[in-house]
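Work through the exercises below with the sequence and the model at hand. Each task is followed by a solution in steps.

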Amino acid sequence: MGYAVLSDVHANLEALNAVIKDIKSTGIRDVYFLGDAVGYGPEPNECVEILKAESTVMIAGNHDLGAAGLVDLSRFNRHARTALEWTRKVMHENNISMLSALQVKTDIQGRDITIAHSTPYEPEKWHYLLRIQDAEINFKHFESQLCFIGHSHSPVIIEQSPSGELITHKNAIQVSSGSRYIVNAGSVGQPRDGNPGAGYVLVTDDKIKIIRVAYDIRCTQEKMRKQGLPHALIERLAFGA
Ligand code: ZN
């Protein structure tokens, strides 16, 4: 049976609900969450609770640990910091302690899979894997055939062929037994690749597919306005930027 990989929900309940509904329609039950349940968005508690209920394995991102006081807020840009200060005020103690206890990288038991929020190389340093040279380094820092990451909010599949050549794929790929892969699952709650649809990855019959789901962006924006969250964060949702 296949599995779904989700990342960077960022307290966007509408986007998360749309993605969970989409996953359920496939019959898939295994869900791996790559971190950043909170930050930026208006419903951190609700999103943490749903992710806890729906995820088979869950790790933390820099925003989760920022909300928990384990990553210094000076490491975030102005809008992210403002949103995290708000998040800290509204989050329930039990949700904070649940996030605090999560790892930032792990192997999935029984599958040839590693997951990390930022990168398999120095995952606690929150590097971004943006260039093909970054991928080259990172392939040396996990043992599994597949490594799923998030953090950049831009989905991509990078294949390392048996000869060591790196090939980038944008939508879908059939897993080939000799190759290894780094897959960025994109972002459920704040895509940044120009497509505003909630993003996640579905793997069935050794096929990795980047999925986008439409959701009620205006509803999320309205909730953000009500909470006084920064304008720039509200507006970017409509553009996926
Ligand atoms: Zn994020």
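The exercises go from the whole chain to the sheet, the hairpins, the metal site and one loop residue.

This is a predicted model, in which local features need pLDDT of at least 70, side-chain atom pairs count only at pLDDT 80 or more, and totals for chains, interfaces and linings use all residues. Residues are numbered from 1 along each chain as its sequence is written, and side-chain values use heavy atoms, with hydrogens and water left out.

**Exercise 1. Describe the overall build of the protein chain.**

Step 1. Count the secondary structure: the protein chain has 8 helices and 12 strands. Helices (H or I, at least four residues) and strands (E, at least two) are DSSP runs numbered from the N terminus.

Step 2. Compare the radius of gyration, taken over C-alpha atoms, with the globule rule, 2.2 Å times the number of residues to the power 0.38. The value is 17 Å, close to the 18 Å that the rule gives for 241 residues, so the chain is as compact as a globular protein of that length. The C-alpha trace spans about 50 × 35 × 30 Å along its principal axes.

Step 3. Look at burial and contacts. Of the 241 residues, 58% count as buried, meaning under 20% relative accessible area (1.4 Å probe, protein chains only). A contact means heavy atoms within 4.5 Å; among contacts between residues at least 6 apart in sequence, 70% join residues at least 24 apart.

**Exercise 2. Give the strand order of the six-stranded sheet and find its edges.**

Step 1. Two strands pair if DSSP finds at least two bridges between them. The open sheet has the order β3-β2-β1-β11-β12-β9, with mixed pairing.

Step 2. Its edge strands, β3 (57-58) and β9 (172-174), each pair on one side only.

Step 3. Follow β9 inward: β9 and β12 (residues 207-213) are antiparallel over 3 bridges, and I173 has I208 of β12 as its bridge partner.

**Exercise 3. Describe the hairpins β4-β5 and β7-β8.**

Step 1. Strands β4 (residues 105-108) and β5 (residues 113-116) run antiparallel and are joined by 4 bridges. I108 is the bridge partner of I113. There are 4 residues between these strands, and G110 takes a positive phi near 80 degrees.

Step 2. Sort the residues of β4 by face: T106 and I108 lie on the covered face, K105 and D107 on the uncovered one.

Step 3. Strands β7 (residues 156-160) and β8 (residues 166-169) are likewise antiparallel, with 4 bridges. I158 stands opposite T168. Here 5 residues separate the strands, and G164 has a positive phi near 100 degrees.

**Exercise 4. Identify the donors of the zinc ion and explain why their arrangement is irregular.**

Step 1. Donors are N, O and S atoms within 2.8 Å of the metal (3.2 Å for Na, K and Ca); water is not among the atoms, so sites may look incomplete. The zinc ion is coordinated by D8 (OD), H10 (NE2), D36 (OD) and H153 (NE2), at 1.9 to 2.4 Å.

Step 2. Along the chain the donors follow the spacing D-x1-H-x25-D-x116-H. D8 and H10 are both buried.

Step 3. Four donors count as tetrahedral if all angles lie between 85 and 135 degrees; four count as square planar and six as octahedral if opposite donors are over 155 degrees apart and all others between 65 and 115; anything else is irregular. The 4 donor atoms subtend angles of 84 to 175 degrees, which makes the arrangement irregular.

**Exercise 5. Place Q190 and list its contacts.**

Step 1. Q190 is in the loop between β10 (180-184) and β11 (198-204). Its relative accessible area is 2%, so Q190 is buried.

Step 2. Neighbours within four places in sequence aside, Q190 is in contact with D8, Y40, H153, L233, R236 and L237. Of these, D8 and H153 also coordinate the zinc ion.

Note on methods
Buried means under 20% relative accessible area, exposed over 50%, partly exposed in between (1.4 Å probe, protein chains only).
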